[in-house]
Each structure stands twice: as structure tokens, then as C-alpha cells.
Amino acid sequence: MIRETIVTTCSAVGAVHIAPFGLIEAADGWVIAPFRPSATLDNLGEVPELVANYVDDVRIFAGCLTGRRDWPTLAADTVRPPRLAGALAHAELRVVSVAEDAQRPRLTCRVVHRGQHAPFQGFNRAQAAVIEGAILVSRLFMLPREQVEQEMAHLAIAVRKTAGPAEEEAWGWLTEAVLAHYAAGA
């Protein structure tokens, strides 16, 4: 199982990096597998701790992929990287092992603390569409244009039918990113 989260990491000097990540469930924790090069991977090399933030504000997913990474944070309880202020819940993790790989190393993490902050009131279809759209945007460099355009058109239906203002804003950011990518000649 892969759980879509927002991961916070920090460098040795405390510079925070916020990024969407699908964490892979493992028997004794979670696995994070960032591609090289990656600010997340660099940070985990310096400070082998992270926070998995469970959020329902999909603007954070879309924002991180479209240059909007300035989201409020709060100190975590047991690890150096902060948690997102808007997280409904979070898990603090420590890296316990690394399986090196030239393209995508796998870092196994153990949960050292969990926190609950607000109730989860469910997702609407637009939120799910924004998360799927964000995944597409993160892979624009590797997917065929026709596939991206078809999937974005299908996801747009759910956004049109069920979005609130936050989902509409997030979808707009993703749509702009796709258009800009192809306008740049990709």
C-alpha cells in the first residue's frame, strides 16, 4: 500500500523542505523512495528524520509541485523536521536502514511518534482528482503528452462537479503547470 502524504525534512542547518510523497507501507514502518537528485534525499542524508503529514488541503499537494512550498509549520515532538501546521495528523519517522540504488534508494523508517490535530471529515472527488493530477504533474518529464492530456481531461470532470474553492485553486495551479510545460516545448 502507498499512502499519499506531505513529507517535511530538513537539512543539517535547519532548512525545511516540503514535498508530496507516496510512502510505502512496510511490516515495521514506512519506506520512502525519492528519485535522485532530490532535496528530500539530500536532507535525509544530513538529518535521517522526517514527518509524514496527513492533510486534506489538496492545495499543499498541488502547491508543492507548482512552486508554492511556503506552508506554515510547527515544531515536531521528537524529530528535527517540523510538521505542517495544517496537518490533520502526522507521524514522525526515523530512518533505520537504506537500500542504495543509483536511481531511487529505499529508506526504511520507523514511526517514533504520532499526533492527531483535527478531525478528518472525508474527501470529495475533486480532492482525489487534484492528488492524481499532482502525481501527473510530477511525472510530466516521463509520460507521453497524450496520456497526460487525456487523464487531466478525465480528472477535470470530478473537479467541475465537486470542487470547493480550495480544490478549484489547486486544480488551476496544476493546469497552469501542464500548459507551461508543453508551451516550453516539452
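Here are three short exercises, with worked solutions, on the surface and pockets of this predicted model.

**Exercise 1.** Find out where Phe141 lies and decide whether Phe141 is buried or exposed.

*Solution.*
- Step 1: Look between helix H3 (125-138) and helix H4 (145-162); the loop that joins this stretch holds Phe141.
- Step 2: Take the relative accessible area of Phe141, which is 63%.
- Step 3: Compare that with the cut-off: exposed means over 50%. Phe141 is therefore exposed.
- Step 4: Now look at the company Phe141 keeps: together with Phe35 and Met142, Phe141 forms a nonpolar surface patch of about 320 Å² of accessible area.

**Exercise 2.** Describe the largest pocket: how much space lies in it, and which residues are closest to its centre?

*Solution.*
- Step 1: Start with the volume, about 700 Å³.
- Step 2: Turn to the lining, which has 27 residues; Pro20, Phe21, Phe35, Ser138 and Arg139 are the closest to the centre.
- Step 3: Ask which element gives the largest share. Strand E2 (16-26) does, with 6 residues.
- Step 4: Sort the lining by class: 18 residues are nonpolar, 5 polar and 4 charged.

**Exercise 3.** Do the same for the second largest pocket: what is its volume, and which element gives the most to its lining?

*Solution.*
- Step 1: The space here is about 330 Å³.
- Step 2: Among the 15 lining residues, Arg3, Glu4, Tyr54, Val55 and Phe123 lie nearest the centre.
- Step 3: E1 gives the most to this lining, with 3 residues.
- Step 4: The classes come to 11 nonpolar, 1 polar and 3 charged residues.

Key:
Residues numbered from 1 in each chain as written. Predicted model: local features only at pLDDT ≥ 70, side-chain atom pairs only at ≥ 80, totals over all residues. Heavy atoms only, no water. Patch = residues over 30% accessible without salt bridge, like charges linked within 9 Å, V, L, I, M, F, W, Y side chains within 5 Å. Areas by Shrake-Rupley, 256 points an atom, 1.4 Å probe, with all protein chains shown as cover. Salt bridge = Lys/Arg side-chain N within 4 Å of Asp/Glu carboxyl O. Helix = DSSP H or I, 4+ residues; strand = E, 2+ residues; numbered from the N terminus. Buried < 20%, exposed > 50% of the residue type's maximum accessible area, 1.4 Å probe, protein only. 1 Å grid on protein atoms, 1.4 Å probe; cavity = no way out; pocket = protein on both sides within 12 Å on 5 of 7 lines; lining within 4 Å. Points joined across faces, edges and corners; volume = space filled by probe spheres on them. Nonpolar A, V, L, I, M, F, W, Y, C, P; charged D, E, K, R; others polar.
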